[in-house]
Amino acid sequence: MTTSFKNKIAFNFTLSTAILTAVIFFVIYHIVSLTVFNGLEKDITFQADKHFYEVGVKDGVPYIADKEEWFEKEHRELEVNPVFVQITDTNGTVIEKSPNLKLDYLTADLTKRDKVFFQTKLKGLAIAQIQVALKERDKLAGYLIVAIPITGSEKVLENLKSVLLIAFPIVLLVLFLVTRLIAGKSIQPVLSVIDTAGKITNENLTARVPLPAGKDELNKLVVTINDLMDRIESAVEREKRFTSDASHELRTPLAVIKGTLEVLIRKPRTAGEYIDKVALSIKEIDRISYLVDQLLLLARFESQKKAMDHQRVDLSELTGSILQRQQQQILEKDLSVELISDEHTDVYADPYMLDIIIENLISNAIKYSISRESIKIVISQSGQNVSYAVIDSGIGIAADEIDKIQEPFYRASPLQHPQIKGNGLGLSIVKRMCQLMQIQFKIKSAIGQGTTAELLF
């Protein structure tokens, strides 16, 4: 059986309040009770002291010193708050009593200590009673017993108890309903989260939870969930684009391999033809392998799963290593490469990622340069800022395509230059890695005038 969250909040709040309210009611009742009975104890003690001086002891027998006082109106008639007085011997036998007792008498409790206030009954009515020892030369001769009715006080306490007991469940019920109402309004954003989450599918990732008015924890929760949905939508869109573009890029080399193999099996071929076709297939397989490596590299940094390891990197030394790896491509196009740099220019970056970035820039400069042209690599430092620029005199890029070529799989005017092979992933990888390492990446280019790719550290 499931219980709604607002009911749980209301129940837990009401339960804790019930315990607190019960303690408060208990304290209130006992404070009132103590106040009432403390007042009664003072009154009866006053009456006992007053009548104590009206009683004497002679020959071991208590007696009334002034009997006229005992026949005053307050003792002859039942009053609103009468005082009952009685004298007994040491055995509790009645010697004298006030006229207002009539045929009744007070019962002495010989187990009680002297001047101890306690409660008892008189004809079924509650009374407060006190006993004062009467002595002659330190020898006990009897007791002076004084009592007053406490029915009114008990009635007050009983009424108070009834009010508290009746009010207790009513207060809790009202509190539960009010808390449930407030909780229901407070968790409305949570219900919106549930409703929105139910609408989200792979085809609909645009739904967002409305922000609540207050700047509280629920507001933070909704903001966090909406941010999460933004990241999920972005990840799913990247995955869709990645899958679509990857399948498109892989389809061409696979088609070439398939076509080549189909041609080979149609009829017998010479050894030279087999070698040419197999070499072509191997070339396309290498192309697929390179493409997959690039895709995996891009995916790895898109998800930001690779931890960066920042170190001091000498840009001149790193560039020299990359140029050695690119030497074959440089020689094939008969290019001249000029490195303009101070003796040592260090930056603080991840060496693995920086190697990939710079190699992509140099590789692009070689790929899009015209044969027998030159490439300049300029490393300069101004204060704390370091600039790394790769400048070529190649075919150039149209101004409206500079932003587009930094997106995955986009290639500028591939049909105009079919001899230049590529998959359009290099600059997108450069852009993403620069973002991760907080390196500024700029491209300046014009058709037929070459391209300048610059990194600002």
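**Two open sheets and their salt bridges**

Strands S12 (residues 385–392) and S14 (residues 450–456) pair in the antiparallel sense, joined by five bridges. Within this pairing, Ser387 has Leu456 of S14 as its bridge partner. The model described here is predicted.

S12 and S14 belong to an open sheet of five strands. The strand order is S9-S11-S12-S14-S13, and the pairing is mixed. Strands S9 (336–340) and S13 (440–446) stand at the edges. Each has a single partner strand, so one side of each is left without a neighbour in the sheet. From one strand to the next, the twist averages 10°.

Two helices are placed against this sheet. Helix H8 (residues 315–325) lies across S9, S11 (374–382) and S12. The direction of H8 runs at about 165° to that of S11. Helix H10 (residues 351–367) also packs on the sheet. H10 touches S11, S12, S13 and S14. The angle between the directions of H10 and S12 is about 25°.

A further open sheet of five strands has the order S4-S3-S7-S6-S5. Here the pairing is antiparallel. The edge positions are taken by S4 (94–97) and S5 (118–122). Both edge strands have a single partner strand, so one side of each lacks a neighbour in the sheet. Neighbouring strands of this sheet are turned by 35° against each other on average, direction ignored. At one edge, S5 is joined to S6 (residues 125–136) by five bridges, and the two strands run antiparallel. Phe118 stands opposite Gln129 in S6.

Salt bridges were then considered. The count comes to six. One of them joins the side chains of Lys123 and Asp104, with an N to O distance of 3.6 Å. Lys123 lies in the loop between S5 and S6, while Asp104 lies in the loop between S4 and S5. The pair therefore ties together parts that are 19 residues apart in sequence. How exposed is each partner? Lys123 has a relative accessible area of 65% and is exposed, because the cut-off for that class is over 50%. Asp104, at 23%, is partly exposed.

Glu136 and Arg137 form another salt bridge, with the closest N and O atoms 3.7 Å apart. Glu136 falls within the range given for strand S6. The relative accessibility of Glu136 is 23%, and the residue counts as partly exposed. Arg137 counts as exposed, at 77% relative accessibility.

A salt bridge also forms between Arg372 and Asp334. Their closest N and O atoms are 3.8 Å apart. This pair links distant parts of the chain, 38 residues apart. Arg372 sits in the loop between H10 and S11. Asp334 sits in the loop between helix H9 (327–332) and S9. Arg372 is exposed, with 68% relative accessibility. Asp334 is partly exposed, with 48%. In addition, salt bridges that share partners join Arg325, Asp355 and Glu359 into one network. Arg325 is within the residue range of H8. Asp355 and Glu359 are within that of H10.

Conventions: Residues numbered from 1 in each chain as written. Predicted model: local features only at pLDDT ≥ 70, side-chain atom pairs only at ≥ 80, totals over all residues. Heavy atoms only, no water. Pairing = 2+ DSSP bridges. Helix = DSSP H or I, 4+ residues; strand = E, 2+ residues; numbered from the N terminus. Axes fitted to C-alpha atoms, helices over the stretch in contact; angles between N-to-C directions. Contact = heavy atoms within 4.5 Å. Salt bridge = Lys/Arg side-chain N within 4 Å of Asp/Glu carboxyl O. Buried < 20%, exposed > 50% of the residue type's maximum accessible area, 1.4 Å probe, protein only.
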